[in-house]
Amino acid sequence: MANSFHVSDAPGLVDAHCHLQDGFLRHALEPALIRARAAGVRMMCCNGTHEGDWDYVLGLGRSHADICVSLGLHPWYVAERGPGWLARLEELVAGNPVGVGEIGLDNALEERNDAEQEEVFLAQMELAARYGRPVTVHCRKAFGRLADLVGGMQRRPPFMMLHAYAGSHEMVPVFEKLGFHISICASITRTANRKARTACTKVSPERLLVESDSPAIAPVGVDFERNEPAYLPMVVEVLAELRGERPEGVAAQTAANARAFFGCCESGGALT
């Protein structure tokens, strides 16, 4: 796939979800950031996923003006959590301009404890609501249950994102009504992925976000685990084509949405 969309066509892109601490990016971050900036990416939202990477991810936000940070316990790591994990997370959230994420539900895991997943998820949602922080949610094969849990909350976080959305197009209005933004990744570049390609056309403009989810879920033509924020224009280009819109319009809309979403996570001028 040719990467024909460039920063000159838009005021800048925002990568609403990535993991700069993982895979090859951890050891080759600075060159990747240079490539991202050259591709027009003006902000990258990096998500911690377990206690072992929170401090490192927080440090990325402190040392790079264009990286904003979210910290959370991902459902993949629920079984590995320490006894003081929630207190530590609250300490970091209370003391820093960060979002809460990546958190969520994953019923695609062969070995899992659904009750523990839900307990951990709801504890972090409550934390985000209490501190007024945006939350980034991972969900696989649990969309109905997620909607039920969030719908039953007395108080919700001010901003909620379903990242790398893999649900049905029928569920898009359900989640929008609950208050979610919907973030689209490079899965839509695969023509066989009709589910994602249909769902992305149903998202309301004001709820739409784009992400790399790097280093995973690379666009067609790139090794799956060699993804990086510099490939975000490919996502925007395909998304615009599927929605019948102009790439620069999608870039501007999603960037504005992301900046509003992460507005309280400004760190070192990241949102300027």
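**Note on the pocket, helix H1 and backbone outliers**

1. Strand S5 contributes the most to the lining of the largest pocket, giving 3 residues; strands (E, at least two residues) and helices (H or I, at least four) are DSSP runs numbered from the N terminus. The model is predicted, so local features need pLDDT of at least 70 and side-chain atom pairs count only at pLDDT 80 or more, while totals for chains, interfaces and linings use all residues. Residues are numbered from 1 along each chain as its sequence is written, and side-chain values use heavy atoms, with hydrogens and water left out.

2. The largest pocket holds about 720 Å³ of space, and of its 29 lining residues the closest to the centre are Trp-76, His-138, Arg-140, Asp-213 and Ile-217. On a 1 Å grid over the protein atoms alone, a pocket is an open set of points where a 1.4 Å probe fits, with protein on both sides within 12 Å along at least five of seven lines, and lining residues have an atom within 4 Å of a point; the volume is the space filled by probe spheres set on the points, which are joined across faces, edges and corners.

3. In helix H1 (residues 29-38), Leu-29, Ala-32, Leu-33 and Ala-36 are buried (under 20% relative accessible area, against over 50% for exposed, with partly exposed in between; 1.4 Å probe, protein chains only).

4. Two residues that are not glycine deserve a check of phi: Lys-141, at about 55 degrees, is exposed at 67% relative accessible area, whereas Asp-213, at about 50 degrees, is buried at 8%.
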